[in-house]
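Got a model open and want to learn how to read it? Let's take a few features in turn.

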Amino acid sequence: MKTALPADSRFTAARRWSLYAGVYALGCAALTASLLADVLGLFADVVGLPPAAGMPLLATPALVVGTLVWWALVERPDTPTYLRGAAFGLLTALLTGALWTAWFVVIWGLEMLAAGPVRLLVGFVLGAVAVAGVLVGLPITYLRRRSRRASAAAATANSL
């Protein structure tokens, strides 16, 4: 016998999972930033981030972006599919990269972004984080799908 969860508990679970996804995106972004530290260290220096905290600061927008993208793509339509999870990772990575690219343009101007080596570096970093984003979107989707199956399972004497 299946029991329906009240609408407010689904909303609470959706918010909780959106926050989990944001924290997960932050951790993945920090790991990716540390792996690309040689290239991103130069970027952090160019946009004026402190050398010691450059990599963690570059990952910080992923917390907010990841939370919002997870909510919009996975929780709001109430369908945690692997395709949506991969899209979550991809969009989170690209939007985070786009925010930093926009910040670079604010500081240095659009003409600096058009310079040959800068375009190559931005393209390389966005490409690398896009691939990483698709891959890191899948594990959290797996966990979310499992948690939904467990909560939708019939209540038994052992689970009460």
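What follows is a short tutorial in questions and answers.

Q: What should I know before I start reading?
A: This is a predicted model, where local features need pLDDT of at least 70, side-chain atom pairs count only at pLDDT 80 or more, and totals for chains, interfaces and linings use all residues. Residues are numbered from 1 along each chain as its sequence is written, and side-chain values use heavy atoms, with hydrogens and water left out.

Q: How many ångströms should helix α4 span, and how far apart are its end C-alpha atoms?
A: Helices are DSSP runs (H or I, at least four residues), numbered from the N terminus. The expected span is 1.5 Å times one less than the number of residues. Helix α4 (residues 61-75) has 15 residues, so it should span 21 Å; its end C-alpha atoms are 20 Å apart, which agrees.

Q: Which residues of α4 are buried?
A: Buried means under 20% relative accessible area, exposed over 50%, and partly exposed in between (1.4 Å probe, protein chains only). In α4 the buried ones include Val65, Val69, Trp70 and Val74.

Q: Is Thr141 buried or exposed?
A: Thr141 is buried, at 0% relative accessible area. It sits in helix α7 (residues 116-152). Contact means heavy atoms within 4.5 Å; leaving aside neighbours within four places in sequence, Thr141 touches Trp70, Pro80, Thr81, Tyr82 and Gly85.

Q: What is odd about the phi of Asp78?
A: Most residues other than glycine have a negative phi. Asp78 has a positive one, about 60°, although it is not a glycine. Asp78 is in the loop between α4 and α5, and counts as partly exposed at 37% relative accessibility.

Q: What is the volume of the largest pocket?
A: On a 1 Å grid over the protein atoms alone, a pocket is an open set of points where a 1.4 Å probe fits, with protein on both sides within 12 Å along at least five of seven lines; lining residues have an atom within 4 Å of a point. Grid points are joined across faces, edges and corners, and the volume is the space filled by probe spheres set on them. Here it is about 610 Å³. Of the 33 lining residues, the closest to the centre are Leu40, Gly97, Trp100, Val125 and Val129.

Q: Which element gives the most to that lining?
A: That is α5, with 10 residues.

Definitions and conventions
Helix = DSSP H or I, 4+ residues; strand = E, 2+ residues; numbered from the N terminus.
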